[in-house]
Amino acid sequence: MKKAKIYITGQIGNTYNDDGTVLVKGVELQDVVAQVEDAKKADATIEGYDVFINSLGGSIRVGKLIAKYVKSLPNCFTIADSECASMGTEIHLSQPIASRKIIAGTRYSIHNPLMANVSGNASELVELAEMIKENEKDMARMYVSATGLTKDAVTGLMNQETSLTPEQCVTMGFCSEILPSPKLNAVAFIDKPNNNSLMKTVKEMVDSAFAAFRKDMKIADVAVEIPAVAAEKTKEYTTDKGVVVITMKGEVGAIGDVVTVDGVPATEGVYTAEDGTVIEVDAAGLVVSIETKEEEVSEVATLKAEIESLKSANATMATEFEATLQTSMDELRGQIGSSFVPKEGQAKFANTKKVADKSVSELANEKKASYKKASR
């Protein structure tokens with residue numbers, strides 16, 4: 001079967017300046033229809049289509065129109081390529097699961113619709129909130145229908161702005177097959193429209209997407225904010241209920257991380273690993289708590305060892321101090337005992353008692369007699 005390649009690349013839907021001119025050229029429904037019609041004219045034997053989606057999202061209205069059209073194409077396969085997020089995922093999920101593929105290394109993200117940089121009076125903001133809530137419910141219903149996941153699982157994934165690996169996409173029913181990443185060479189994308197010159201940074205795209213909405217809140221498209229996609233890691237535990245894999249946003253498992261058991265979303269409950277780790281999971285398949293007993297035991301043992309080491313060090317210091325003090329005292333005693341020498345001719349007090357026995361008058365007469373003797 002000969003198939004044509006259709007590309008949906010970049011922002012979905014145009015964004016406009018206040019004067020109505022195009023600020024950022026996005027992919028509109030007519031662009032996709034034109035690719036299909038051009039393929040038919042170029043080769044009348046075309047019998048099917050491979051639709052490659054490399055988009056971080058954009059206008060909900062335009063995205064739904066494109067998804068409805070892609071769903072109507074005969075013998076059509078949708079293929080997530082490099083980046084597929086927000087409204088890009090709705091286009092990807094427009095075909096049955098057997099016709100949905102993903103290229104290795106692709107980042108696949110789902111989240112709630114969100115409006116930013118919006119102003120208005122109270123009634124207008126209430127109306128906007130109700131509109132966003134309806135879009136949120138509609139997207140959740142679409143994900144549940146397309147994947148077979150429960151409503152709780154889907155809303156949990158949307159609430160935490162989840163990024164999925166290709167393997168997780170297959171496990172959770174977003175697609176049926178992972179295709180190898182194509183080799184890069186000079187002609188790898190010769191038939192792919194080049195929209196790179198029209199693309200700006202993600203932040204600029206998002207900001208500009210709301211320009212039309214601010215111009216006329218009630219009739220403008222609702223755009224979806226594009227979250228930053230964080231790198232994820234996984235950690236595996238063998239538990240009493242199967243092999244648990246936690247997809248971590250950080251370096252260690254934490255509350256809110258996605259949990260799978262034997263390759264499928266985890267059900268609510270407590271899972272006890274062989275190493276003593278206890279993992280509690282809620283109804284949405286997300287981590288509620290993680291208790292690592294092995295680490296606690298190890299920490300206690302480390303603290304006990306440190307305490308014993310300090311006790312030993314203190315005992316050694318006390319012994320050394322006592323020995324040093326004893327040596328110093330001995331040296332000091334030796335110096336005091338050997339350095340005292342009485343002076344020669346020092347007054348003797350052998351007759352002290354006799355002098356003390358004389359009266360004052362007798363002592364005075366003796367003194368006078370000594371003066372007379374000395375004057376002669």
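So, the β14–β15 hairpin: β14 and β15 form it with four residues between them, and G276 in the turn has a positive phi of about 95 degrees. This is a predicted model, where local features need pLDDT of at least 70, side-chain atom pairs count only at pLDDT 80 or more, and totals for chains, interfaces and linings use all residues. Residues are numbered from 1 along each chain as its sequence is written, and side-chain values use heavy atoms, with hydrogens and water left out.

When I say helix or strand, I mean DSSP runs numbered from the N terminus: H or I with at least four residues for helices, E with at least two for strands. Strands count as paired if DSSP finds at least two bridges between them. In our hairpin, β14 (residues 269-272) and β15 (residues 277-281) are antiparallel over four bridges. Y271 sits opposite I279 in β15.

Which side chains of β14 are buried? G269 and Y271, which point to one face, while V270 and T272 point to the other and are not buried. For the cut-offs, buried is under 20% relative accessible area, exposed is over 50%, and partly exposed is in between, with a 1.4 Å probe and protein chains only.

Okay, on to the sheet. Strands β10, β11, β12 and β13 make an open sheet in that order, with antiparallel pairing. At its edges stand β10 (233-239) and β13 (264-265), each with a single partner strand, so one side of each has no neighbour in the sheet. Between β12 (residues 258-261) and β13 there are two bridges, again antiparallel, and V261 stands opposite V264 in β13.

The loop between β12 and β13 holds D262. D262 has a positive phi of about 55 degrees although it is not a glycine. As background, most residues other than glycine have a negative phi. Is D262 buried or exposed? Exposed, at 54% relative accessibility.

Compare that with S86, in the loop between β5 and α3 (87-92). S86 also has a positive phi, near 55 degrees, in a residue other than glycine. But S86 is buried, with a relative accessible area of 0%.

S86 brings us to β5 (residues 76-85): eight of its ten residues are buried, so the strand is largely enclosed by the rest of the structure. Its pairing with β4 (residues 48-55) is in the parallel sense, over six bridges. If you want a spot to look at there, V51 stands opposite T78 in β5.

Now charges. I'm calling something a salt bridge when a side-chain nitrogen of Lys or Arg is within 4 Å of a carboxyl oxygen of Asp or Glu. How many salt bridges does that rule give? Eleven.

One of them is K2 with D43, the closest N and O atoms being 2.9 Å apart. That pair links distant parts of the chain: K2 is in the segment before β1 (3-9), D43 is in the loop between α1 (29-42) and β4, and they are 41 residues apart. Both ends are partly exposed, K2 at 43% relative accessibility and D43 at 22%.

Then there's K25 with D31, with the closest N and O atoms 2.9 Å apart. K25 is partly exposed at 34%, and D31 is partly exposed at 26%.

The next one is inside a helix. D138 bridges to R141, the closest N and O atoms being 3.8 Å apart. Both lie in α4 (residues 122-147), three residues apart, about one turn of the helix. D138 is partly exposed, with a relative accessible area of 27%. Salt bridges that share partners join K64, E90, D138 and R141 into one network.

Last stop, the surface and α5. D152, E268, E280 and E291 gather in a patch of negative charge on the surface. A patch here takes residues with over 30% relative accessible area and no salt bridge, joining like charges within 9 Å and nonpolar side chains (Val, Leu, Ile, Met, Phe, Trp, Tyr) within 5 Å.

Where is D152? In helix α5 (residues 151-159), and D152 is partly exposed at 43% relative accessibility. The buried residues of α5 are A153, V154, G156, L157 and M158. Just after α5 comes E161, with a positive phi of about 50 degrees.

Notes:
Areas by Shrake-Rupley, 256 points an atom, 1.4 Å probe, with all protein chains shown as cover. Lys, Arg positive; Asp, Glu negative; His and termini not counted. Charge placed at Lys NZ, Arg CZ, Asp CG, Glu CD.
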